[in-house]
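Grab your favourite viewer and work through a few exercises on the chain below. Each task comes with a solution you can follow step by step.

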Amino acid sequence: MMDKQKYYSTGEFARKGHVSLRTIRWYDRMNLLKPACRSDDGRRYYTEADLAKLQQILLFKYLGFSLDEIREMTIASADPKLLVESMRIQRKLVEERIEEMKEVSSALSETITALSSDQPIDYSNMLDAMHVTSMDNALKAQYEDDANISARIRLHNDYSINPEGWYPWLFRQMELKNGMKVLEVGCGIGTLWQKNRDRIPEDISILLSDKSEGMLRDAARLTKNDVRFTVKQFDCAVIPYADHTFDAVIANHVLFYCDDLDAALKEIRRVLKTDGKLFASTYSREHMKEIRQLVQDFNPQIRLSEEPLYEVFGLANGEEKLKPFFSSVELRRYEDAIETEDAGCLISYILSCHGNQNHLLVDHFREFKDYVTSRIQDGFHITKDAGLFICDV
């Protein structure tokens with residue numbers, strides 16, 4: 001017999017969540033929030049864990065996401081580890097929104113002051129503030145980027161067997177020195193520099209760039225008050241700096257995302273000094289192949305990327321892509337692998353990929369979680385095959 005003290009009826013659940021009964025029933029029909037169980041006569045009952053998921057759904061609605069988007073973004077909410085990870089990112093988005101609304105408040109105050117004193121009104125400032133709060137697809141993209149990076153870093157950090165992590169190894173290969181001017185394209189949140197903060201030369205100038213405004217805001221916070229860093233938003237195919245500006249350009253797992261790789265390489269070559277170097281990392285077909293096989297054994301239709309990125313720019317074809325622009329190209333491989341029994345961390349990584357997996361797993365998450373847990377309970381080996389091209393101008 002069901003213990004009623006641990007469950008809420010639909011009415012009780014709706015009151016605790018400050019929503020209507022109709023909303024709860026609609027979320028059930030939409031497969032967005034199913035009841036924890038039903039009584040013999042069909043009544044729905046919910047738990048505290050369901051309440052946490054409801055609050056998550058309501059927060060995403062407040063932030064401007066559609067129910068279809070929320071449905072995919074909350075598919076892993078049954079897993080406490082993934083829920084905590086998701087809520088941390090949601091909290092950051094709320095903090096972002098608070099900062100944006102402060103900008104709107106400031107612009108309104110300036111406009112009120114101008115109107116009250118018959119001064120000219122700076123309508124462009126007001127429009128800029130309104131644009132900052134536009135919801136289109138920017139917030140969803142930022143949520144996905146943050147969640148994806150967090151999931152990938154966690155799997156690699158926690159379960160890689162090489163004691164020298166990827167970022168320290170990468171930093172060591174570059175041999176950065178005092179007096180250098182360095183550009184990182186596609187810097188993300190600046191993880192390379194966070195992981196090597198104590199190794200960065202004191203007298204160096206580092207420009208962090210990315211197409212994502214949200215990523216750069218995080219990078220700016222993490223490098224705040226460090227005069228060695230500058231942050232600027234631009235695409236690496238159009239770098240707004242003069243010829244021969246930088247001693248080194250870093251492209252860490254970035255070039256395979258370029259819409260026009262040749263244009264990006266030509267631009268990088270242009271801004272490098274005559275004795276400058278490009279450091280461009282990527283991976284091969286073998287990289288993380290066991291994860292691809294794992295999900296396709298569950299559902300052969302799942303693809304973890306829209307296109308194989310290693311075919312755009314990978315270890316096998318990277319030298320061929322780079323040689324037309326650089327006088328010499330050297331490949332250094334990073335020796336590593338992953339050993340794990342942590343189903344939650346592995347699932348989080350899988351959900352972070354850029355393919356169709358979330359759409360196909362949205363109605364089968366519990367089944368998928370049980371499948372992964374069963375498959376890796378005795379340990380799971382994952383091949384890593386990544387490396388760095390070092391290119392001389």
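A residue counts as buried under 20% relative accessible area, as exposed over 50%, and as partly exposed in between. Keep in mind that the model is predicted.

**Exercise 1. Get an overview of the chain.**

Task: Work out how many helices and strands the chain has, and what share of its residues is buried.

Solution:
- Start with secondary structure: there are 17 helices and 10 strands.
- Next, go through the 393 residues with the burial cut-off; 48% of them come out as buried.
- Then look at the surface, which adds up to about 20,500 Å², with 49% of that belonging to carbon and sulfur atoms.
- Finally, take the contacts between residues at least 6 apart in sequence: 77% of these join residues at least 24 apart.

**Exercise 2. Lay out the sheet.**

Task: Find the strand order of the open sheet of 7 strands and say which strands sit at its edges.

Solution:
- Walking across the sheet, the order reads 6-5-4-7-8-10-9, and the pairing is mixed.
- Strand 6 (229-233) and strand 9 (328-340) pair on one side only, so these two are the edge strands.
- On average, neighbouring strands here are turned by 15° against each other, if you ignore direction.
- As a general reminder, strands of a sheet pair through backbone hydrogen bonds, in either a parallel or an antiparallel way.
- Zoom in on one pair: strand 8 (residues 272-283) runs antiparallel to strand 10 (residues 380-392), with 7 bridges.
- For a single bridge, pick leucine 278; its partner in strand 10 is cysteine 391.

**Exercise 3. Sort out two positive phi angles.**

Task: Asparagine 225 and histidine 244 both have positive phi; place each one and decide how accessible it is.

Solution:
- The background first: most residues other than glycine have a negative phi.
- Asparagine 225 has a phi of about 70°, and it lies in the loop between helix 10 (213-222) and strand 6.
- Its relative accessible area is 76%, so asparagine 225 is exposed.
- For histidine 244, phi is near 55°, and the residue is in the loop between strand 6 and strand 7.
- At 43% relative accessibility, histidine 244 falls between the two cut-offs and therefore counts as partly exposed.

**Exercise 4. Look at threonine 245.**

Task: Is threonine 245 buried or exposed, and what does it touch?

Solution:
- Locate it in the loop between strand 6 and strand 7 (246-252).
- The relative accessibility of threonine 245 is 13%, so it is buried.
- Leaving out residues up to four places away in sequence, threonine 245 touches Lys181, Val271 and Lys273.
- A polar atom of the threonine 245 side chain also lies 2.6 Å from the backbone oxygen of alanine 242.

**Exercise 5. Compare burial in two helices.**

Task: Which residues of helix 12 (residues 289-298) are buried, and what surrounds leucine 261 of helix 11?

Solution:
- In helix 12, the buried residues are Glu290, Ile291, Leu294 and Val295.
- Viewed down the axis of helix 12, these fall within an arc of 130°, so they line one face of the helix.
- Now move to leucine 261 in helix 11 (residues 261-271); with 9% relative accessibility, leucine 261 is buried.
- Beyond residues up to four places away in sequence, leucine 261 touches Leu255, Val312, Phe313 and Lys321.
- Take phenylalanine 313 from that list: it is 52 residues from leucine 261 along the chain, and their C-alpha atoms are separated by 8.5 Å.

How values were computed. Residues are numbered from 1 along each chain as its sequence is written. This is a predicted model: local features need pLDDT of at least 70, side-chain atom pairs count only at pLDDT 80 or more; totals for chains, interfaces and linings use all residues. Side-chain values use heavy atoms; hydrogens and water are left out. Helices (H or I, at least four residues) and strands (E, at least two) are DSSP runs, numbered from the N terminus. Axes are lines fitted to C-alpha atoms, for helices over the stretch in contact, and angles run from 0 to 180 degrees between N-to-C directions. Buried means under 20% relative accessible area, exposed over 50%, partly exposed in between (1.4 Å probe, protein chains only). A polar contact is a pair of N or O atoms within 3.5 Å; within protein, one must be able to donate a hydrogen and the other to accept it, and residues adjacent in sequence count only if both atoms are side-chain atoms. Contact means heavy atoms within 4.5 Å. Accessible areas come from the Shrake-Rupley method with a 1.4 Å probe; for residues, only the protein chains shown count as cover. The arc is that of the directions from the helix axis to the C-beta atoms.
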